[in-house]
Amino acid sequence: MRRRNFLVAAGAAFVAGCNRVADSKPAARLLDAAESWHKSAQRFLNPPDALVREYSRADISPFFRGNGTTEPGGAYPAMQSNGFADWRLEVRGLVDNPLSLTLENIRRLPQRTQITRHDCVEGWSAIGEWAGPQLSILLEAAGLQDDARFIVFRCFDNLSGSDYYESVDLVDAFHPQTIVAHMLNGEPLPVRNGAPLRMRIERQLGYKHAKYLTGIEAVSSLDDIGAGGGGYWEDRSGYQWYAGI
Amino acid sequence: MKRHALSTRLWHWTNLVCVVVMFMSGLTISNAHPRLYWGEWGFAPGQAWLMVPRFPDWMTVPGYYSLAVARDWHILMAWPFALALLFIWIAMLANGHFFRDILTRRTEWAPHNIAKDVKAHLRLDFDHGSGKYNFLQKLTYAIVFGILLPGMVFTGISISPGMEPSFGWVVDLFGGRQSARSFHFIFAFSILGFLILHVTLVMLAGPFKLLRGMITGRQSDEA
């Protein structure tokens, strides 16, 4: 019993120490730096256009779990019952030709179909077949301006009072497997997986793959968006903006 | 001659800090999804081969549930952990520590030698003559250095989606991403098992002498 008490006390003291260190300014900077070193190392070891594995149909998991918002509220149910006929995807921000696209417009673009593995930050994985146009096609059609550095994804869903959003830099935005998906396993996206449109950012964790997509915005800085973290979970809980690890 | 080279001592304590922080923050990450699967995918209880218990706050870094903060610690300490491991491997190969003290000889695998070693351990007799380590010690250190520690790095790479394009073959080596995640846990708890065994044996064999050896490097009279 005494040994256990000692262990508990030692564990608690260690944890308290870690908490104090983590809360200090230099440590916060160090933790951010470690994240960016991983990004640099991953980018160095994996060429910009290198693809993640694509699986065969036999590998598809029997169900594709949904996390975060799985049933948006507000005007969503009405739009859903209307077959998302009124859904618009806007491409805006630092672009020469802002676009407003219907689902029909998106279906008519050249499509990419890919069977990939989805890795959630929590640890689970599922495999599904996604289809939709590459994000690069939309960005090229809109004409990205020179000062654009990040692409922000605006979403319909509101979680605990804040609108969901995410962002990536241009390396991931122009990656060949970064697509605006409207199909999962040959069917229109299920609601829990982000109907009618969601992002696939295949080299990063699930929270980057924004669901219920309404806007694609080119920006020069993430500072003035949300709380400046570059995404809903980044702002709310301090998740890493670069989620390749 | 010193009992432990400076490189060994520096690595030993750096690695201890890294392993402790990574293990404790790893327990928080486990709490986020406490199930383990085999193969590429897995997300539901029915697919799991192990339901991991929830680890209480006093065991975890941070001392409350925050997946984001735990990942910050895990991601930070991965750097000194992996780089120090690379450093000690280069140092061990360069200074002969690996070939001299850790690599086993064919004769040591003789059943009577292994039996003798096991009996000596059971009698808590840690006097192993002129050699630095006996057979069981060599074997244990070889497993730790050759499999468990690098295994943590490679399974960690395998569960990182950003590494998938160039390191898909490592994922395959472990049998898929969820298998790699399972091995990440198995190796981590094997390292914990080693740590417990290691500390226990140090306690039994003369903690002050051995601790002094690992801090100052000074040779004690009985090797």
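These exercises, each with a worked solution, concern a predicted model with chains A and B.

**Exercise 1. Confidence**

State the ipTM and pTM of the model, then the average pLDDT of chain B.

*Solution.* Start with the global scores. The model has an ipTM of 0.92 and a pTM of 0.94. Then turn to chain B. Its average pLDDT is 94, and 96% of its residues score at least 70. Low values call for caution: where pLDDT is low, predicted coordinates should not be read in detail.

**Exercise 2. The overall form of chain A**

Compare the radius of gyration of chain A with that of a compact globule.

*Solution.* First, count residues: chain A has 245. For that number, the globule rule gives a radius of gyration near 18 Å. Chain A has 20 Å, which agrees. Next, the box. Along the principal axes, the C-alpha atoms of chain A fill roughly 70 × 45 × 40 Å. Now burial: 40% of the 245 residues count as buried. Then the contacts in chain A with a separation of 6 or more. Residues 24 or more positions apart account for 68% of them. Last, the secondary structure: chain A holds seven helices and 11 strands.

**Exercise 3. An open sheet**

Give the strand order of the four-stranded open sheet in chain A, and name its edge strands.

*Solution.* The order is β3-β4-β8-β9 of chain A, with antiparallel pairing. The edges are β3 (112–119) and β9 of chain A, each of which pairs on one side only. Now take one pair in detail. Strand β8 (residues 183–184) of chain A is joined to β9(A) by two bridges, in the antiparallel sense. Leu184(A) has Glu187(A) of β9(A) as its bridge partner.

**Exercise 4. The contact between the chains**

How many residues does each chain bring to the contact, and which element of chain B gives the most?

*Solution.* Chain A brings 42 residues and chain B brings 32. On the chain B side, the elements that give two or more residues are α1 (6–32), α2 (67–95), α6 (164–174) and α7 (177–205). α2(B) gives the most, with nine residues. Sort the chain B side by class: 18 residues are nonpolar, eight polar and six charged.

**Exercise 5. The largest nonpolar core**

Find the residues with the most contacts inside the largest nonpolar core, then list the contacts of Val180(A).

*Solution.* The core has 80 residues. Phe153(A), Cys155(A), Val180(A) and Leu213(A) have the most contacts inside it. The largest share of this core, nine residues, comes from α2(B). Now set aside residues up to four places from Val180(A) in sequence. Val180(A) then touches Ile106(A), Gly132(A), Pro133(A), Leu135(A), Leu138(A), Leu197(A), Met199(A) and Leu213(A).

**Exercise 6. Backbone exceptions**

Locate two cis peptide bonds and two residues with positive phi that are not glycine.

*Solution.* Recall the rule: most residues other than glycine have a negative phi, and most peptide bonds are trans.

- Ala195(A) and Pro196(A) are joined by a cis bond, with omega about 0°. Pro196(A) lies in the loop between β9 (187–188) and β10 (198–200) of chain A.
- Val61(B) and Pro62(B) share a cis bond, with omega about -5°. Pro62(B) is in the loop between β2 (50–51) and α2 of chain B.
- Phe84(A) has a phi of about 60°. Its loop runs between α3 (76–81) and β1 (89–93) of chain A. Phe84(A) counts as partly exposed because it has 18 C-beta neighbours inside 10 Å.
- Ser160(A) has a phi near 50°. Its loop runs between β5 (150–159) and β6 (162–169) of chain A. With 6 other C-beta atoms within 10 Å, Ser160(A) is exposed.

Note on methods:
Residues are numbered from 1 along each chain as its sequence is written. Chains are lettered from A and ligands numbered from 1 in the order in which they are written. This is a predicted model: local features need pLDDT of at least 70, side-chain atom pairs count only at pLDDT 80 or more; totals for chains, interfaces and linings use all residues. Two residues are in contact if their C-beta atoms, placed from the backbone, lie within 7 Å. Ala, Val, Leu, Ile, Met, Phe, Trp, Tyr, Cys and Pro count as nonpolar, Asp, Glu, Lys and Arg as charged, and the others, Gly among them, as polar. A nonpolar core is a set of buried Ala, Val, Leu, Ile, Met, Phe, Trp, Tyr and Cys residues joined through C-beta atoms within 7 Å. A residue is buried if 20 or more other C-beta atoms lie within 10 Å of its own, exposed if 12 or fewer, and partly exposed in between; C-beta atoms are placed from the backbone. pLDDT is the predictor's confidence in each residue, from 0 to 100. Two strands pair if DSSP finds at least two bridges between them. The radius of gyration is taken over C-alpha atoms; the globule rule is 2.2 Å times the number of residues to the power 0.38.
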